[in-house]
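Subject: A structure for you to look at

Dear colleague,

I am passing on a structure that I would like you to look through at your own pace, with the sequence beside it. Below it you will find my notes on what I found.

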Amino acid sequence: MYSFMGGGLFCAWVGTILLVVATATDHWMQYRLSGSFAHQGLWRYCLGSKCYLQTESIAYWNATRAFMILSALCATSGIIMGILAFAQQPTFTRLSRPFSAGIMFFASTLFVLLALAIYTGVTVSFLGRRFGDWRFSWSYILGWVALLMTFFAGIFYMCSYRMHECRRLSTPR
């Protein structure tokens, strides 16, 4: 049980750090504009070495930002529940901490999947046509790696919950 929780906690830490880095950095997409290189993130865009805030309130950026922030919040609360799962005293008799941590990581996975799907769809269909020479960059890729890490954290915590429940039901009273 503890090995699953340890693996889940490791994946959770890595996934949450990657979520925060992916959300905060401005290298989601790189492109060439008027002969110079440019890149953009969720919060700013840079032309050459000069960066500007994205002041336009465009729906897909707002949705991507919101889902990435929700994902990071769910992952952070999942980490807190995961750390508390190592303590043996149950606070609530009906609520299992490993189960709650697993649910939070699956919610985090869902939110980051929604954010990346929205960003991918709009970028490929609209911005991809606008900029001829473009590609997704490392912040975007970190988002996909964070999705995998939060998903596996959820799997580890669900396995831990399942092992604990099987042990609890098999012990004589």
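Strands β2 and β3 run antiparallel and are joined by 3 bridges, and the hairpin that connects them passes through 3 residues. Within this pair, alanine 38 stands opposite leucine 47 of β3. Please keep in mind throughout that what you see is a predicted model, with a mean pLDDT of 86 for the chain and 87% of its residues at 70 or more. Among the elements, β1 has the lowest mean pLDDT, at 84, while α2 has the highest, at 93. As a rule, where pLDDT is low, the predicted coordinates should not be read in detail.

Moving along from β2 in one direction, you come to strand β3 (residues 44-47) and strand β4 (residues 50-53), an antiparallel pair joined by 4 bridges. Here cysteine 46 has cysteine 51 in β4 as its bridge partner. The two strands form a hairpin with 2 residues between them, and glycine 48 in that turn has a positive phi of about 70°.

In the other direction, β2 (residues 36-40) pairs with β1 in the antiparallel sense over 5 bridges. This is again a hairpin with 2 residues between the strands, and in its turn serine 34 has a positive phi of about 55°. Tyrosine 31 is a useful residue to follow here, since its bridge partner in β2 is alanine 38, while in β5 tyrosine 31 stands opposite tryptophan 134. Strand β1 (residues 29-33) and β5 run antiparallel and are joined by 3 bridges.

Taken together, the 5 strands form an open sheet in the order β4-β3-β2-β1-β5, with antiparallel pairing. Its edge strands are β4 and β5 (134-136), each of which pairs on one side only. On average, neighbouring strands of the sheet are turned by 20° against each other, if direction is ignored.

Around the sheet, the chain also has helices, giving 4 helices and 5 strands in total, and from the N terminus on the elements run α-β-β-β-β-α-α-β-α. Of the contacts between residues at least 6 apart in sequence, 67% join residues that are at least 24 apart.

Of the 173 residues in the chain, 41% are buried. The largest nonpolar core has 31 residues, among which Trp28, Met68, Phe105 and Tyr119 touch the most other members. The elements that give two or more residues to this core are α1 (2-24), β1, α2 (59-85), α3 (97-130) and α4 (138-170). If you set aside its neighbours within four places in sequence, methionine 68 is in contact with Leu19, Ala22, Thr23, Trp28, Leu42, Val112 and Ala115.

One of those contacts, threonine 23, belongs to helix α1. Is threonine 23 buried or exposed? Its relative accessible area is 10%, and because the cut-off for buried is under 20%, threonine 23 counts as buried. Not counting residues up to four places away in sequence, threonine 23 touches Leu42, Trp43, Met68 and Ile69.

Finally, turning to the outside, the chain exposes about 9,500 Å², of which carbon and sulfur atoms supply 71%.

With best wishes

Key. Residues are numbered from 1 along each chain as its sequence is written. This is a predicted model: local features need pLDDT of at least 70, side-chain atom pairs count only at pLDDT 80 or more; totals for chains, interfaces and linings use all residues. Side-chain values use heavy atoms; hydrogens and water are left out. Two strands pair if DSSP finds at least two bridges between them. Buried means under 20% relative accessible area, exposed over 50%, partly exposed in between (1.4 Å probe, protein chains only). Contact means heavy atoms within 4.5 Å. Accessible areas come from the Shrake-Rupley method with a 1.4 Å probe; for residues, only the protein chains shown count as cover. Axes are lines fitted to C-alpha atoms, for helices over the stretch in contact, and angles run from 0 to 180 degrees between N-to-C directions. A nonpolar core is a set of buried Ala, Val, Leu, Ile, Met, Phe, Trp, Tyr and Cys residues joined through side-chain atoms within 4.5 Å. pLDDT is the predictor's confidence in each residue, from 0 to 100.
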